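Thank you all for making time this morning. I would like to walk you through one model, beginning with some unusual backbone geometry and then turning to the way two of the domains meet.

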Amino acid sequence: MNKPKRDRQFRPLPVPSVELYGIFGDRQDAICESTAETLLDRCVEAGMLRAIDTSQPGPGVVIPIQPWGGTTQMFWDSDLGKSIETVAYSLYRRPNPQLEARVDEIIDMYEKLQDADGYLNAWFQRVQPGRRWTNLRDHHELYCAGHLIEGAVAYYQATGKRTLLDIMCRYADYMIKVFGHGEGQIPGYCGHEEIELALVKLARVTGEKKYLDLAKYFIDERGTEPHFFTEEAIRDGRDPANFIQKTYEYNQAHQPVREQKKVVGHAVRAMYLYSGMADIATEYNDDTLTAALEILWDDLTTKQMYITGGIGPAAANEGFTDYYDLPNESAYAETCASVGLVFWASRMLGRGPNRRYADIMEQALYNGAMAGISLDGRTFFYENPLESAGKHHRWIWHHCPCCPPNIARLLSSIGSYMYAVADDEIAVHLYGESKAHFEIDGSKITLAQETRYPWDGAICFDIVTERPARFAVSLRIPEWANGVAIKVNGEALELSSVALDGYARIEREWKSGDHVDLDIPLAARSLFANPLVRQDAGRTALMRGPLVYCVEATDNGSGLNGIRLNGDVSKATTSEVAELRGAVALDLPARRDEADWGSALYRASPPHARETTARFVPYPFWDNRAPGEMLVWVRAGEERGE
């Protein structure tokens with residue numbers, strides 16, 4: 001087989017082009033039924049609408065200024081932007097005129113708020129109008145613009161209404177005049193990356209390359225000398241060394257992006273930067289960006305990522321520390337960071353299907369990200385520890401409410417992460433019951449997945465075409481899967497004959513009625529951490545398919561650290577848990593320390609142990625029943641030689 005060219009460009013299917021059922025459809029139903037409206041309600045309660053309503057006096061400083069000279073109130077535009085995006089995606093699935101009318105009112109307020117030159121930012125128009133563009137390092141102006149752009153694109157695609165899109169195009173046109181190396185321009189970029197990936201979305205929906213060029217400018221400028229953040233601080237009368245994090249690694253501005261080798265700093269900022277870099281690499285066929293990203297990818301996934309796809313272990317910088325520093329109970333692992341990892345992984349697939357990215361996208365999506373929202377769509381995690389003594393629970397809202405709309409907009413748009421299309425190929429990156437509608441060579445095609453994945457590994461694809469068409473269907477074969485079988489129209493295919501970068505690439509002339517059967521055996525498996533991860537020494541974690549499993553006190557009682565696994569985990573019995581929407585639980589033989597220790601703090605003999613059965617449930621479903629302890633990494637039984 002001739003390997004496809006590297007300069008192909010795969011772009012995600014638009015959200016309206018994918019119909020979802022199964023586990024993702026269930027999550028989207030919860031977003032339609034409660035989350036989308038909940039987000040708007042809580043934005044109103046926080047005072048965000050008053051902040052943009054020019055018919056009312058400005059609210060002033062609602063959330064106090066912090067030592068870094070700003071306040072999370074500065075980010076309110078971003079929260080509204082992500083909430084609008086979530087509502088937009090929910091409208092694809094379920095029309096809601098009342099919700100749509102509420103968003104139209106918010107858009108009308110933004111239209112009235114926008115300055116004649118195109119500038120738009122509630123904080124710097126209503127609270128600190130004299131501080132526009134004076135502290136890009138800390139104050140999130142471009143970050144807020146990016147989330148409003150993403151909301152505008154989604155809302156236009158969902159409703160056909162251009163008002164917010166036109167508002168943000170005017171703002172982006174203004175940015176093109178403001179930023180650059182020309183006379184009177186600002187040679188800078190944002191301290192919190194986000195604008196870069198948003199501009200790519202704007203370019204794709206408008207067809208305007210100038211927005212791609214601006215995104216590329218922000219990426220190319222980052223970390224160059226003389227350093228913009230240093231010079232900006234001096235111009236503003238600030239000591240450039242006097243800021244909380246004391247290092248430009250915090251916002252990945254310590255080096256030009258193509259020279260960076262280690263993932264450092266604030267986790268969400270890093271993920272958004274790398275997402276923008278990957279988009280620009282795809283759009284410009286830029287091998288220098290792709291090469292840098294491949295190094296950073298390996299650095300993250302082999303030394304700094306939790307088994308859940310959670311990233312950023314520390315609360316102090318909301319980000320990265322040292323290699324192999326992955327504490328469980330104190331894990332920060334912000335929901336937004338795993339959402340960002342899904343963004344980045346998806347965009348790394350823009351230059352062609354590759355399992356090394358799609359497997360991690362799936363792992364981070366199911367575990368690190370999806371855990372961040374309850375099954376009913378009403379409560380949220382900001383941090384995602386891998387161990388809890390029973391005091392960590394989802395909350396209703398947060399003083400920095402970035403995570404609720406972020407996980408909601410991801411899950412409500414997940415269809416566009418499942419499929420990507422090039423001129424002559426469709427790639428299926430994620431499995432789940434769905435229908436994808438797309439065109440190749442002028443022919444309208446529907447690819448339908450029938451499956452109960454991730455609970456069952458049998459997946460059937462049915463193809464409907466307007467007319468016979470020649471193209472490739474690429475199906476991801478997860479690295480963890482053993483014994484995968486594939487058939488086309490009932491005839492078995494030798495997997496090795498069609499394998500390419502971890503995908504089965506089936507190129508042929510397809511016609512209506514063709515079908516592909518893919519069987520991915522799902523069995524429980526033990527994983528062990530690198531010995532350098534000291535927190536997991538002597539412990540094991542369970543996975544089945546893409547899902548990480550955990551034990552909860554509601555199934556096993558308290559004292560979960562007393563559980564030690566016995567026997568072959570692949571022989572675990574499975575059962576559905578009705579109160580977890582039919583999630584598959586694993587029951588395994590184990591030994592359990594008896595609670596007969598007595599009053600002594602220490603003693604000469606170990607605790608007695610008894611035989612028992614331990615129940616494991618999917619980690620993303622934890623804390624949806626009775627509150628209590630939770631544990632991912634359990635004590636391992638005796639190792640067996642091979």
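Let me start at P454, which sits in the loop between strand 7 (443-451) and strand 8 (458-465). The bond that joins Y453 to P454 is a cis peptide bond, with omega at about 15 degrees. Please keep in mind throughout that this is a predicted model, and that the angles I quote are computed from it.

P454 also falls in a stretch that carries a record: UniProt, in an unreviewed entry, places the feature "domain: Non-reducing end beta-L-arabinofuranosidase-like GH127 middle" at residues 426-522. Over residues 426-522 the chain is 58% strand and 4% helix, and 25 Å lie between the C-alpha atoms at its ends.

There is a further cis peptide bond, running from E225 to P226, with omega near -5 degrees, and P226 is likewise placed in a loop, the one between helix 9 (209-221) and helix 10 (228-235). In the loop between helix 10 and helix 11 (267-284) we come to Q252, which has a positive phi of about 55 degrees although it is not a glycine. I point these places out because most peptide bonds are trans, and most residues other than glycine have a negative phi.

Now to the domains. The domain assignment divides the protein into domain 1 (38-244), domain 2 (257-416), domain 3 (420-519) and domain 4 (524-636), and it is the meeting of domain 2 with domain 4 that I would like to describe.

How much area is buried between domain 2 and domain 4? The figure is about 2,400 Å², with carbon and sulfur atoms giving 59% of it. On the domain 2 side, I307, Y324 and L375 supply 30% of the area buried against domain 4, which is more than any other three residues. In terms of contacts, 27 residues of domain 2 touch 29 residues of domain 4, while the centres of these two domains, taken over C-alpha atoms, are 25 Å apart.

As for polar interactions, domain 2 and domain 4 share two salt bridges and 13 residue pairs in polar contact. Turning to which elements take part, helix 14 (355-369) and strand 3 (387-388) each supply at least two residues to the side of domain 2 that touches domain 4, and helix 14 gives the most, with four residues. That side of domain 2 is made up of 12 nonpolar, 10 polar and five charged residues.

Finally, for anyone who has the side chains displayed, D623 and R394 meet in a salt bridge, at 3.7 Å from N to O.

Terms used:
Residues numbered from 1 in each chain as written. Predicted model: local features only at pLDDT ≥ 70, side-chain atom pairs only at ≥ 80, totals over all residues. Heavy atoms only, no water. Domains from an automatic or database assignment. Contact = heavy atoms within 4.5 Å. Buried area = accessible area lost by both parts, 1.4 Å probe. Salt bridge = Lys/Arg side-chain N within 4 Å of Asp/Glu carboxyl O. Polar contact = N/O pair within 3.5 Å; in protein donor to acceptor, adjacent residues only side chain to side chain. Nonpolar A, V, L, I, M, F, W, Y, C, P; charged D, E, K, R; others polar. UniProt positions renumbered as here; feature names shortened; annotations may be inferred.
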